[in-house]
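Student: Got a minute to go through this one with me? I'd like to start with the sheet.

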Amino acid sequence: MKFSKRLNYTLLGVLILLNIIFRYPTTTHEIGGFDSFFIHGLVNSISVNGYAKWIINPLSIFGLYPYSYPSAIPYILSGISQCTDLGMEWTIFLVGTCVGIFAIFTAYLMAREIKNDDLFAFLVAFTLSLSPILLSLTRWCASTRGLFLSLLPLLIWGLLKYHNKNDTRYVLLSAVLFVIIAAIHRATWLIIPIFLAYFVAIVIEKTHGKIKFSKEILLPILAILLLSVLIICVIISTNNLIPLLLIIFVAYFLNPFFQKINKKLRASVIISLILILLFICSFIMQFSEMGIYKTSDIWYNYQTGYFFEGSEWYILILNMLTNYTGQIGILIFFGIIGIFVLLLKSKKDFNYWFILLSILFLISLSALGTYVPIVLLPFFSVLIGIGLCKILNITQMRKYGIPIIICCLLISLSFSGFMINHWENIPLGKTNLTPLMEDETYSAAIFLKDYGHGTFVSSDSIISYRISAYSETPLFPGHSAWPLAYSFIDNPEIVSMTEFTLNLDYLYVANNTVQKDYNVLLTLDCDNTTAKEILSKYNIHYYIENNNIQPQDQFFKSVREKRYKIYDDGVESIWYLGIEI
């Protein structure tokens with residue numbers, strides 16, 4: 001559907017306004033659990049020192065060297081804060097809002113390159129920019145995933161633009177974007193299946209018309225895939241090879257079925273059925289214990305969900321569907337319609353092949369729930385756009401098509417608002433804390449900033465990073481790039497290469513002397529000579545505790561008994577350690 005320029009600009013303006021409204025602060029302080037305040041602390045380190053102290057190797061820029069972290073976001077936040085003289089809290093809010101608005105245009109560009117349809121482009125931009133997951137990642141929090149997700153549609157646009165225009169400038173643009181995205185987040189390795197899908201789509205396009213696939217070739221492929229799906233399902237559900245004997249009888253009875261298919265179905269329909277079976281195979285392979293799935297319990301996080309709990313395969317799938325719906329949005333069900341529209345389409349151009357193959361390769365990793373929904377979101381936004389546009393092409397519904405779409409978009413907005421509110425009020429891990437920081441924690445941070453010095457330790461990682469971010473007082477020991485950022489170590493000692501896993505962080509293993517010292521400290525009395533040496537070595541003067549969780553480690557117990565409490569606001573307490581050091 002084509003719109004006038006005026007209507008296009010109006011719709012984009014409405015989208016921008018909605019994105020600003022949904023990101024308007026409803027809390028008194030920055031929102032986040034662990035990552036946001038950790039990044040906030042790294043940004044403070046850059047602003048104070050003038051450079052990122054954890055970058056000691058080129059791989060450190062991408063967070064692949066020990067004690068490092070992807071450095072793009074900390075540098076961006078620090079640079080904007082220093083140039084504008086804005087406080088870090090408001091810099092984080094400004095950048096998050098701008099990233100959300102930027103996502104509108106990257107999604108719009110991508111959609112227009114896939115299909116020259118104004119309504120389709122608007123629906124894709126709406127779905128992506130106002131999805132629950134992107135809203136949560138750009139709503140007053142310092143997240144690396146928000147910019148990662150906003151740039152991904154631009155990378156896809158660059159790849160499609162190069163194919164359609166054959167202009168090498170788009171190759172350079174895509175290469176630069178890939179490097180930038182790699183410096184934003186370690187999940188860049190999930191883009192590799194997208195590149196693979198791109199090259200496979202090119203091969204399909206080049207061979208189309210040159211190689212004819214007759215039904216005599218396609219039917220055996222369909223039969224093999226169908227039997228493969230049955231075999232995998234039997235092995236996974238029974239964990240026994242004996243029932244595989246039944247497959248012989250199934251194959252025998254399927255023979256007449258395939259003979260009928262050979263007479264009645266066109267080759268294009270058989271190709272669509274093959275693709276559907278490939279999608280099923282790709283998904284159920286995650287239940288096997290082969291290859292990369294052997295060493296990674298990727299289904300662990302789906303054993304407990306909002307509605308269901310258990311380790312049965314159907315419970316895991318229901319929890320996954322719930323999780324993906326919560327992150328992508330309620331319109332995901334139109335995405336399921338969209339994928340069947342593409343699968344059953346008799347003539348698929350390069351763009352559609354690229355979308356289908358990208359989803360096919362990524363769906364084999366879909367149980368890695370944390371980052372895969374982020375990478376899948378641009379593609380599901382396209383599928384949702386296709387599914388919603390399909391309503392207008394149904395003759396019986398054409399009269400009510402636009403009102404139905406408007407109602408769906410309003411329901412989607414309500415659902416996104418519900419998910420944001422839900423995520424902001426659920427406990428973080430096993431603590432009583434939520435992503436909404438208490439005013440008492442901010443007051444404790446200001447107290448430490450005004451009257452404190454040196455370093456502090458804490459038994460609560462969430463509270464400690466929050467206080468460290470606002471007080472600009474280093475937390476000991478920290479993790480990832482933190483020990484280098486705050487000079488707890490000078491240079492990591494490399495031990496060996498890291499064994500590849502799906503959760504790989506660093507390419508090398510290094511000795512963590514800081515963590516070892518911290519672990520030793522926990523076992524000692526605060527008056528112990530070794531404990532005093534550790535406290536002196538790292539300039540530790542304070543212990544901060546969550547009042548609702550009193551750890552029983554020897555060091556923390558002795559501090560409560562032998563040191564002076566200098567601050568207590570009901571949420572956290574601060575003990576001074578430096579008197580007898």
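**The sheet and its surroundings**

Tutor: Sure. This is a predicted model. Its open sheet has five strands in the order β2-β1-β5-β7-β6, and the pairing is mixed.

Student: Which strands stand at the edges?

Tutor: β2 (475–476) and β6 (564–568). Each has a single partner strand, so one side of each is left without a neighbour in the sheet.

Student: Where's the parallel part? What does β1 pair with in the parallel sense?

Tutor: With β5. Strand β1 covers residues 455–458, strand β5 covers residues 540–546, and four bridges link the two. As an example, phenylalanine 456 has tyrosine 542 in β5 as its bridge partner.

Student: Which helix packs on the sheet?

Tutor: Helix α19, residues 461–471. It touches β1, β2, β5 and β7 (572–576). The direction of α19 makes about 160 degrees with that of β1.

Student: And β5 with β7, parallel or antiparallel?

Tutor: Antiparallel, with five bridges. Isoleucine 544 stands opposite isoleucine 574 in β7.

Student: Is β7 mostly covered or mostly open?

Tutor: Mostly covered. Four of the five residues in β7 are buried.

Student: How many residues lie between β6 and β7 in their hairpin?

Tutor: Three. Glycine 570 sits in that turn, with a positive phi of about 95 degrees. The β6 and β7 strands pair in the antiparallel sense over four bridges. Lysine 565 has tryptophan 575 in β7 as its bridge partner.

Student: OK, new topic. How many residues are in the largest nonpolar core?

Tutor: 177. Leu77, Trp299, Phe354, Ile355 and Phe555 have the most contacts inside it. Helix α16 (residues 372–393) gives the largest share of this core, 15 residues.

Student: What is leucine 77 in contact with, leaving aside neighbours within four places in sequence?

Tutor: Leucine 77 is in contact with Ile39, Val43, Met88, Thr91, Ile92, Val95 and Ala142.

Student: Now helices. How do α7 and α8 pack?

Tutor: Helix α7 (residues 144–165) and helix α8 (residues 168–184) pack at about 165 degrees, with axes 9 Å apart. Angles over 145 count as roughly antiparallel, and α7 and α8 are therefore roughly antiparallel to each other. The crossing of α7 past α8 is left-handed.

Student: Last one, the overall picture. How many helices and strands are there?

Tutor: 23 helices and seven strands. Of the 581 residues, 52% are buried. Among contacts with a separation of 6 or more, 70% are between residues 24 or more positions apart.

Notes
Residues are numbered from 1 along each chain as its sequence is written. This is a predicted model: local features need pLDDT of at least 70, side-chain atom pairs count only at pLDDT 80 or more; totals for chains, interfaces and linings use all residues. Side-chain values use heavy atoms; hydrogens and water are left out. A nonpolar core is a set of buried Ala, Val, Leu, Ile, Met, Phe, Trp, Tyr and Cys residues joined through side-chain atoms within 4.5 Å. Buried means under 20% relative accessible area, exposed over 50%, partly exposed in between (1.4 Å probe, protein chains only). Contact means heavy atoms within 4.5 Å. Two strands pair if DSSP finds at least two bridges between them. Axes are lines fitted to C-alpha atoms, for helices over the stretch in contact, and angles run from 0 to 180 degrees between N-to-C directions. Angles under 35 degrees count as roughly parallel, over 145 as roughly antiparallel, 65 to 115 as roughly perpendicular and the rest as oblique. A crossing is left-handed if the near helix is turned anticlockwise from the far one by less than a right angle, and right-handed if clockwise.
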